[in-house]
Amino acid sequence: MIWLFHRYYPARKLLFFLSETFLLLLSSLLAFLYHLGFFSFSLLDLDFLVKIFLLIIFYQVWLYYFDLYSFKREDSLLEIFFRLLQATGVATFLLGLFYFLFPSFMISNWSFMIFLFAVLFFTVSWRLIYFYFLKNGYLNEKIALLGCSSLAHEIISEIYRQLDCGFTISALFLPLKTQCNDFLSSIPFSPRVYYGYHDIYRLSQKLGIKKIVVALEDRRGSLPVEELLECRMRGIDVVEGETFYEHLTGKIIVEKIRPSWLIFHGGFSQSPFTLLTKRLIGIILSLVGLILSAPIALLVTILIKLDSPGPVLFVQERVGKDGRIFKLYKFRSMKVDAEKDVPKWAQKDDPRVTRVGKIIRKLRLDEIPQMWNVLKGDMSFVGPRPERPYFVQQLRKKIPFYDQRHRVQPGITGWAQICYPYGASEKDALEKLKYDLYYIKYMSTMFDLFIIFKTIQIVIFGKGAR
């Protein structure tokens with residue numbers, strides 16, 4: 001397993017990515033071989049290396065943006081093939097535009113066609129092989145689950161859904177059979193089931209299990225301490241269910257944890273260096289963003305004025321760091337009297353949204369003025385989304401640890417925004433809090449840069465907008 005941003009990533013994911021990089025390199029070499037001949041170029045030629053790098057980076061970025069490096073159980077080979085065609089088409093168009101602007105980097109048309117056919121052949125073939133390995137669970141780390149709690153059910157569901165998570169549940173160690181009938185009937189696959197907590201080490205060793213996840217509903221009086229201690233001393237990893245869930249999913253399951261878990265499990269450090277770089281990144285990105293988006297902002301301003309009566313900017317109170325209230329700026333996307341009675345959650349196909357509002361919300365253009373909030377210091381570029389005081393008062397009473405999301409500055413984008421669709425209910429607020437707390441726990445400069453990179457994908461494809 002690879003440890004990245006405090007999450008489990010199977011090493012084969014990196015191997016798959018690097019193998020595909022090699023296949024793209026091989027495709028580009030074939031193209032240059034046709035164009036220049038075998039003895040007409042050198043692998044040490046800087047011009048040659050730059051052209052190869054451009055080909056690989058253009059295609060691999062768009063393979064990533066079309067979710068072709070993440071695999072879910074519901075994915076079909078046909079769907080993956082069509083996404084490959086789409087990613088190749090977009091990358092080809094943008095590369096053609098780049099060649100038009102910088103013709104010195106071009107390769108011949110026939111060479112480029114050879115490269116395209118080679119890319120499609122290698123990427124499709126490699127994914128067919130990889131998908132076969134995933135479906136059959138090869139190279140997965142075998143784990144055992146102890147308990148039949150709701151947390152255990154959540155872990156099983158996540159592992160089953162994430163086809164490429166790198167884990168296979170090989171055994172379940174459960175209490176009395178009568179206590180787990182409903183639990184077993186809801187499992188979508190058939191692991192080995194052992195009732196009682198005897199011989200855990202022997203059975204685990206026999207099945208090749210490397211990790212035991214403890215997901216008991218109540219550990220008092222029921223935790224098999226001696227058996228688990230033997231496993232730990234003999235080299236089998238034993239981990240709490242809440243911690244395993246956190247590292248598996250990238251979120252903290254707030255309904256199942258106690259305050260002591262947050263206190264004693266590390267994280268939540270905010271070093272001066274991280275805060276300084278976070279502020280500098282926010283200022284730089286906001287300045288560049290406001291300058292580059294100025295023509296678009298002018299067009300949006302005109303369209304809003306033509307489309308519906310009312311101000312161009314929508315100013316609304318939001319809750320910031322440490323509960324401080326500030327005024328957030330957005331381009332107005334709803335009718336002026338959208339909330340004349342009480343604040344309401346935004347819904348899918350919300351009738352309060354104007355015609356222009358539907359477009360700018362889909363493209364996230366309504367959020368351009370928030371970069372001014374970042375420059376003012378009210379917000380950061382990356383962080384939990386700021387919520388309205390009305391909803392904060394309601395949510396803090398119903399959702400455990402909700403106020404902890406106000407320990408850092410809110411952001412234009414965030415871990416919850418790229419991992420979960422638009423929040424429009426108390427249930428959504430709970431799910432987003434799980435991601436927000438995970439972000440706050442492991443906040444770092446590299447984590448912020450990764451979130452910004454993923455946000456580009458969200459904006460391009462309009463995911464989660466309402």
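**Close-ups of the aromatic contacts**

**View 1. Six rings gathered into one aromatic cluster.** Trp415, Tyr438, Tyr439, Tyr442, Phe447 and Phe450 make up this single group. Keep in mind that we're looking at a predicted model here. If you scan the whole structure for aromatic pairs, you get 26 of them.

**View 2. Tyr59 meets Phe115 edge-to-face.** The two ring centres sit 5.2 Å apart, and the planes of Tyr59 and Phe115 are at 70 degrees; that angle is over the 60-degree cut-off, so the pair counts as edge-to-face. Tyr59 belongs to helix α2 (residues 46-65), while Phe115 comes from helix α4 (residues 109-135), so this contact ties together parts that are 56 residues apart in sequence. Are these two rings buried or exposed? Tyr59 has a relative accessible area of 2%, which makes it buried, and Phe115 is buried too, at 0%.

**View 3. Tyr132 and Phe133, another edge-to-face pair.** Here the rings of Tyr132 and Phe133 are 6.3 Å apart centre to centre, with 85 degrees between their planes. As for accessibility, Tyr132 is partly exposed, with a relative accessible area of 48%. Phe133 comes in at 35%, and that also counts as partly exposed.

**View 4. An arginine over a tyrosine ring.** Swap one of the rings for a charge and you get this view: the charged end of Arg127 sits over the ring of Tyr69. The distance from that charged end to the centre of the Tyr69 ring is 5.3 Å.

Key
Residues numbered from 1 in each chain as written. Predicted model: local features only at pLDDT ≥ 70, side-chain atom pairs only at ≥ 80, totals over all residues. Heavy atoms only, no water. Phe/Tyr/Trp six-rings, centres within 6.5 Å; stacked < 30°, edge-to-face > 60°. Helix = DSSP H or I, 4+ residues; strand = E, 2+ residues; numbered from the N terminus. Buried < 20%, exposed > 50% of the residue type's maximum accessible area, 1.4 Å probe, protein only. Lys NZ or Arg CZ within 6 Å of the ring centre and 35° of its normal.
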